[in-house]
Amino acid sequence: MTEEAGTGMKVIVFGATGMVGQGVLRECLLDDRVARVLVVGRTATGRSHPKLTEIVRDDLHDLSPVAADLAGYDACFFCLGVSAAGMTEAAYTRITYDLTMAAAGVLAEVSPGTRFAYISGSGTDSTGHGRMMWARVKGRTENALLAMPLDAYMFRPGFIQPRHGITSKTGWYRTLYKITGPLHPLLARIPGLATTTDQLGRAMIHVGLSGAPKRILTNRDINTLS
């Protein structure tokens with residue numbers, strides 16, 4: 001790890017404009033142990049910071065033109081995702097599985113062994129054949145990542161409370177978080193039930209720097225690592 005050499009960790013963040021990604025990016029920019037942050041996405045974050053570099057691409061399914069730019073990083077925090085509500089399995093698979101594999105495949109080629117932290121979800125089905133469509137697709141995605149030449153970790157948060165002005169792009173999520181926000185201090189007292197965007201970001205940084213004792217991390221693990 002480059003931090004041991006005194007240069008700090010270099011990380012790639014996918015999906016930095018989403019709710020989780022915003023929180024992860026915020027923590028990366030605040031943490032002195034992170035020296036460089038490369039954000040890859042379809043839209044710019046609108047942020048400016050000495051650590052921050054961005055690659056904006058319309059088509060994230062084909063990263064071959066920027067493969068060389070992704071080499072030499074210590075960790076990748078993959079936060080890109082969408083709600084499965086109203087989507088067919090094929091459409092959800094194209095975004096959830098195919099986009100993740102496109103990024104992981106390039107990193108496995110240019111930087112094998114890179115730590116890859118993937119935002120999955122509580123209830124993900126590791127068999128890939130369960131009743132819930134989103135859980136099946138997430139499970140297949142996790143299994144594929146764990147089989148690649150990457151140091152991969154699956155983050156399965158349950159309820160995530162956005163903090164520091166961060167909001168979700170999904171309208172009904174925003175409504176839910178507005179309602180539940182005042183309840184978060186109570187929810188936080190129940191071990192493993194809830195986490196926050198900043199706790200999740202700090203836990204990903206911890207994994208990027210030091211790994212974790214297991215490959216699948218729940219809310220309880222996330223809060224402990226943060």
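Welcome to the tour. Show the whole chain first: its secondary structure comes to 7 helices and 9 strands. Keep in mind that this is a predicted model. Of the 226 residues in the chain, 53% are buried. The accessible surface comes to about 10,300 Å², and carbon and sulfur atoms account for 54% of that. Contacts also reach across the sequence: among those between residues at least 6 apart, 67% join residues at least 24 apart.

**Stop 1: the sheet**

Select the strands β3, β2, β1, β4, β5, β6 and β9. In that order they form an open sheet of 7 strands with parallel pairing. Which strands stand at the edges? They are β3 (52–56) and β9, each with a single partner strand, so one side of each has no neighbour in the sheet. Turn the view to look along the sheet: neighbouring strands are turned by 20° against each other on average, direction ignored. As background, strands of a sheet pair through backbone hydrogen bonds, either parallel or antiparallel.

**Stop 2: strand β1**

Now select residues 9–14, which make up strand β1. Is this strand enclosed or open to the outside? Here 6 of the 6 residues are buried, so β1 is largely enclosed by the rest of the structure. Switch on the side chains and look at both faces. In a regular strand the side chains alternate between the two faces of the sheet. In β1, M9, V11 and V13 point one way, while K10, I12 and F14 point the other way. All of these residues are buried.

Next, bring in the neighbours of β1. Select β2 (residues 34–41), which runs parallel to β1 and is joined to it by 6 bridges. For a pair to zoom in on, take V11, which stands opposite V37 in β2. Then select β4 (residues 75–78): this strand also runs parallel to β1, with 4 bridges between them. Here the pair to pick is V13 and its bridge partner F77 in β4.

**Stop 3: helix α1**

Add residues 19–30, helix α1, to your view of β1 and β2. Together, β1, α1 and β2 make a right-handed β-α-β unit. The helix has 12 residues and reaches 17 Å from its first C-alpha to its last, close to the 16 Å expected at 1.5 Å a residue. Of those 12 residues, 9 are buried, so α1 is largely enclosed by the rest of the structure. Colour the buried ones to see where they sit: M19, V20, G21, G23, V24, L25, E27, C28 and L29.

**Stop 4: β5, β6 and the helices across the sheet**

Move along the sheet to β5 and β6, which run parallel and are joined by 5 bridges. Select F116 and its bridge partner in β6, A152.

Keep β5 on screen and add two helices. Helix α2 lies across β1, β4 and β5, and runs at about 170° to β5. Helix α6 (residues 197–210) lies across β1, β2, β4, β5, β6 and β9, running at about 155° to β5.

**Stop 5: helix α3**

Select residues 133–146, helix α3. This helix has 14 residues and spans 20 Å from first C-alpha to last, close to the 20 Å expected at 1.5 Å a residue. How many of its residues are buried? The count is 10 of 14, and the helix is mostly covered. Highlight the buried set: M133, A135, R136, V137, K138, G139, T141, E142, A144 and L145. To see what covers them, show α2 (89–110), β5 (115–119), β6 (151–156) and β9 (216–218), which are included in that cover.

**Stop 6: two places to zoom in**

Start with T141, in helix α3. T141 is buried, with a relative accessible area of 0%. Which residues does T141 touch, leaving aside those up to four places away in sequence? They are T96, Y97, T100, M101 and Y118. Try a distance label between the C-alpha atoms of T141 and T96: 45 residues apart along the chain, these atoms are separated by 7.5 Å.

Finish at A90, found in helix α2. Is A90 buried or exposed? A90 counts as exposed, because its relative accessibility is 58% and exposed means over 50%. One last distance to draw runs from A90 to V137: they are 47 residues apart in sequence and 9.5 Å apart in space, C-alpha to C-alpha.

Technical notes. Residues are numbered from 1 along each chain as its sequence is written. This is a predicted model: local features need pLDDT of at least 70, side-chain atom pairs count only at pLDDT 80 or more; totals for chains, interfaces and linings use all residues. Side-chain values use heavy atoms; hydrogens and water are left out. The expected span of a helix is 1.5 Å times one less than its number of residues. Buried means under 20% relative accessible area, exposed over 50%, partly exposed in between (1.4 Å probe, protein chains only). Contact means heavy atoms within 4.5 Å. Two strands pair if DSSP finds at least two bridges between them. A crossover is right-handed if, with the strands pointing away from the viewer, the path from the first strand over the helix to the second runs clockwise. Axes are lines fitted to C-alpha atoms, for helices over the stretch in contact, and angles run from 0 to 180 degrees between N-to-C directions. Accessible areas come from the Shrake-Rupley method with a 1.4 Å probe; for residues, only the protein chains shown count as cover.
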